[in-house]
Each structure stands twice: as C-alpha cells, then as structure tokens.
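Work through the following exercises with the sequence and the model open side by side. Each one sets a task and is followed by a solution in steps.

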Amino acid sequence: MSWLFVLVQQLKSFIVPLGAILVFGRRGDNMYELWGLVGVGVLVVISLWQYFTYRYGVVGEALVVRSGLLERSLRVIPFARIHNVALQQHLLHRLFGVAEVRLESAGGQKPEAEMRVLKLDDALALERLIRRRAGAAATGETGVGDEPSPVLLHLPPGEVLRLGLISNRGMVVVAAATAAFFQFGGDDAIEGFAEAGVRNAVGWAGEHHYGTVDYALAAAALVLVLLVMVRALSVVLAFLQYHGFTLSEQGRRLTVERGLLGRWRTSASRRRIQAWTLREGLLHRLFRRRSLEVDTAVSQEGHQQQRALRELAPVATPADCDALVEHLLPQAGWGALEWRPLPARTWWRLFLPVVPFCLLLTALLYWRFDGWGLLGLAWLPWAVFKSRQHARRIGHALSGELIAVREGWWSRHWRFAEIDKLQALQLTRSPMDRRWGTATLRLDTAGANALGPPLRIRFLPVDDARALHDRLAETLSTRPLRW
C-alpha cells in the first residue's frame, strides 16, 4: 500500500488550490481551470514511479540510498553525519502500522534521506541502528546507544490542558482561516453576513429598548464568549499535538514522542544542541510554568524545522526546567550563575522609542476626536513603568562554559549557549549607543530560529562590551568548535 501514502503526500500540495478553484472558480461552458488536474495526474504518476525505484541499505558505517530509473541517484550518508532522526505517523500511517522517516544533517537545505513508508518495526530498528552507529562514531566506543531510556519529562493530561490554556494556537488558526477565506474571494460573503448580523442585532435591541450599559455588557459578554471559544480550540490543538509527550534519554541522544491522532518521534544528539531558550509569559506565571526550547543544527527548510527537536519542555514547572538544564549541562553551573544587571539609566533607552509613536497616535486621535484624543498621552506613564520594569530585569551572566542573557518583564525569556558552540561575535554601536556610550554584543550559533529571541547583550557600557568581546574571542581562539 505504499503507493497510497505517496499519492496522499502529492495531493496535499494541490488540495487547497484545487478546492479553491472548484468552489470559487468561474463556472462556464469551458472549465479551463480543471485542466490542472491533468498536470496533477502526471506528477502523481512520476512520483509513484520514482518511489517504486527507491532502495536503501547499510554498507559499513554508512547508509546507502539509491533512487531513480532514467535519472539515477546514489547517496552515501555516513552515520556520523546524521544529526536528527524524525519518525512521523499520521492517522493513516497508524491504521496501516507504518511510519515516515526523515534523516537530517546540519545546514542542509533538505533531509539527507526520506523514507515515506516503512513498517513501524523497521523504522524503529533503523532509528536504533543510526543511534548506535552514530554514537559509536562520535565516541569511538562500541555498544553505544544500547542503554535503557530513562524518562526525563512526561506531560500528563493535566499539563497538556495547561499548555492549551497558556498557548495561543487557537487564535493563530482562526487568523489563518480568516485570511484564507478573504484570499479566495470570501470577503463579499463575510461583509453580507456581518451586515445582516448587525442589522438583526440592532433591530432586536431596539425593540427591547436597551440602554448604553446593556450594550456594553452585551459586548463584553460576546468578547468573553469568543475568548473562551479560542482557548477551547487551543486546548484541542494542544491535545492533538502534545498528548503523551515524553522526553527520554538514551546514551547521548534525546528522543521526544508526542501526538494523539498522529504520532511524532524525533531524536537528536545532545552535542547537536546549539542554544537554549527558557520562556515565561504572563499566563505562564499565572500557572507557575515555563517552557524550554533548544536550537539544533538541522536542515533549514521550513517544514523540516517544525519536525526538528525543538521543545524539550513545552510546559513545566520552573524547578523541572532548571533540573533539565542542570542534567543536560552539568558543567555549566546554571543554578550558580551570577547575573550582572545593567545601569539604572537603561530604562531611558527602552522608553525613548515609544515617545514618537505615542505622540503621532495622539495627534491622529486629536484630529479625529478633538480634545478626547489627548487621552492617548495616558500611554506615556504606562510606558515609563514598563520600561523601568524591563530594564530592572535585563542582565547577562558568564561562566567558564556558558554565556546567558535574560530580558523581558511582561513576557520574559532566558537565552543561553555553551561558549564552545559560539560561531561568531559582533560588536555594534548605533547612533544612540554612541550618544550614551554603550554598545551591543551579538553572539551567533548554528540553527538559530529567526523568530526566536536573539542571543545578544544590549546597552553595555562600551568599555565593558569591548572587554567581554575580547575575552570571548580569546577563549574561542583556543577551543575547537563543537558542532
């Protein structure tokens, strides 16, 4: 039944545009839009033909992959080169007892190898083989990877429920669905529906002679209902993605398994972890939880990044997160770091960029609402308070093995990396830095997430920044880069 999974994989790339054409496309005597189905059929046939010529095997200390018939490809992948092993099981995979396997390396634009359909036992056996051979190649020892797998973290249903309440995945889905509906011509339908809804609501309210307070309470109730619905959707998505989340350790590799209908299983070597991020938002603090993420050096393709090992603890208590860091970085001394705060005047640097925006917004509100628009200036005291709180928490720490930064007040994060994983140092000074005698030290590692918080130390006095830069540069020049 391998052809069935390949067919589904190919059609996934065309199902959205084909559905849009069928629903919103022009309907006439000549439906030229459906000629695209011919191209889809050709691509499916070609993909099936390529897949049936796909073979893989093990030769010595390498995995060999052969594919193609008219245009043949032979790829030899040393086990030591494989950084991440990802097993994926959608609902259809689970019904047939098969899995999809991806083998990824650092810095590649696509997986080193991709087996779309393997029996689950064969997929797990291949994962064990790669873990054992890759571990032996890294340490020079035999039998590596045969140790039992202790569980470092497991999320019970209660923790998954908290994750759904904390996360905002439901709002992301609603926004994406709304954008897609507008993109494919649904704006007229939405306007008509909204206009009819407002007309009926106003007419019904007019018949019952509701006052201003009643309207305000109704609007607040409507907003509350929408928020509850979005959070409920977030909880459902959390259970679909993180049900049974288990982080285990076997030898030098970490393995994460999760999912309700579909199961994900991904593993990576501990030495492939490049940087770490602890996050704590407002809802995290209300539930007394944090999240722990890592950057690994794997292929940079967008959908491969989603399958990479990133979340070691989607949600956990601060003590559990600290214990994970201490266990995985025993030489770093995470709990004993001495944090160095910035000078008290730093809050001005955070407050000044808000002033032009606030004044512009106030001017627009004054032009539109006359004197009431001056209420926009009320944002300035809040901005001062927020800047002071943020500046009070900014700091950095440096030990013999680790460099760490922390920022944020409303939403906090800690970003840190082993010194041996740093690949570049950059000292920058903006015009504002030159005016205030400060500088920013940027630190770069492999596999950094462009959407995540940067590893940087801002607003340092220029002499301190240069001294720290020189100290790190000297240390890096005497140590090999641990990839």
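**Exercise 1. Sort the residues lining the second largest cavity into nonpolar, polar and charged, and then describe the cavity they enclose.**

Solution. The lining of this cavity, in what is a predicted model, divides into 4 nonpolar, 2 polar and 2 charged residues. To check the division against the structure, take the lining residues one by one: they are Pro343, Arg345, Thr346, Arg349, Trp436, Thr438, Phe459 and Pro461. The volume of the second largest cavity comes to about 80 Å³, and the search of the whole structure from which it is taken finds 5 cavities of 30 Å³ or more. As for how such spaces are found, rolling a probe the size of a water molecule over the atoms shows where empty space is left.

**Exercise 2. Find what phi of Phe459 is, and state whether this residue is buried or exposed.**

Solution. Begin with the location, which for Phe459 is strand β20. Next, read the backbone angle: although Phe459 is not a glycine, its phi is positive, at about 60°. Finally, consider accessibility, where Phe459 counts as buried because its relative accessible area is 8%, which is under the 20% cut-off. Phe459 is also one of the residues that line the second largest cavity.

**Exercise 3. Carry out the same analysis for Asp370.**

Solution. Asp370 is placed in the loop between α14 and α15. Its phi is near 60°, again a positive value in a residue other than glycine. The relative accessible area of Asp370 is 53%, and since exposed means over 50%, Asp370 is exposed.

**Exercise 4. Describe helix α15, beginning with its span, and determine which of its residues are buried and what covers them.**

Solution. Helix α15 runs over residues 379–393, and its 15 residues reach 21 Å from the first C-alpha to the last, close to the 21 Å expected at 1.5 Å a residue. Its buried residues are Ala383, Ser387, Gln389, His390, Ala391 and Arg393. To see what covers these residues, look for the surrounding elements, which include the helices α13 (347–351) and α14 (354–369) together with the strands β15 (395–398), β16 (402–407), β17 (412–418) and β20 (456–461).

**Exercise 5. Determine how many residues apart in sequence, and how far apart in space, two pairs lie: Ala378 with Cys358, and Leu359 with Leu380.**

Solution. For the first pair, Ala378 and Cys358 are 20 residues apart in sequence, while their C-alpha atoms are 9.2 Å apart in space. Ala378 belongs to the loop between α14 and α15 and is exposed, with a relative accessible area of 55%, whereas Cys358 is buried at 2%. For the second pair, Leu359 and Leu380 are 21 residues apart in sequence and 9.3 Å apart from C-alpha to C-alpha. Leu359 lies in helix α14 and, with a relative accessible area of 45%, is partly exposed.

**Exercise 6. State how many disulfides a search of the whole structure finds, and place the result beside the secondary structure and burial of the protein.**

Solution. A disulfide is a covalent bond between the sulfur atoms of two cysteines. The search of the whole structure finds 0 disulfides; as for individual cysteines, Cys321 is buried, at 0% relative accessibility. The secondary structure comes to 17 helices and 20 strands, and buried residues make up 40% of the 483 residues in the protein. Lastly, of the contacts between residues at least 6 apart in sequence, 58% join residues at least 24 apart.

Terms used: Residues numbered from 1 in each chain as written. Predicted model: local features only at pLDDT ≥ 70, side-chain atom pairs only at ≥ 80, totals over all residues. Heavy atoms only, no water. Disulfide = S-S within 2.5 Å. Buried < 20%, exposed > 50% of the residue type's maximum accessible area, 1.4 Å probe, protein only. Helix = DSSP H or I, 4+ residues; strand = E, 2+ residues; numbered from the N terminus. Expected span 1.5 Å × (residues − 1). Contact = heavy atoms within 4.5 Å. 1 Å grid on protein atoms, 1.4 Å probe; cavity = no way out; pocket = protein on both sides within 12 Å on 5 of 7 lines; lining within 4 Å. Points joined across faces, edges and corners; volume = space filled by probe spheres on them. Nonpolar A, V, L, I, M, F, W, Y, C, P; charged D, E, K, R; others polar.
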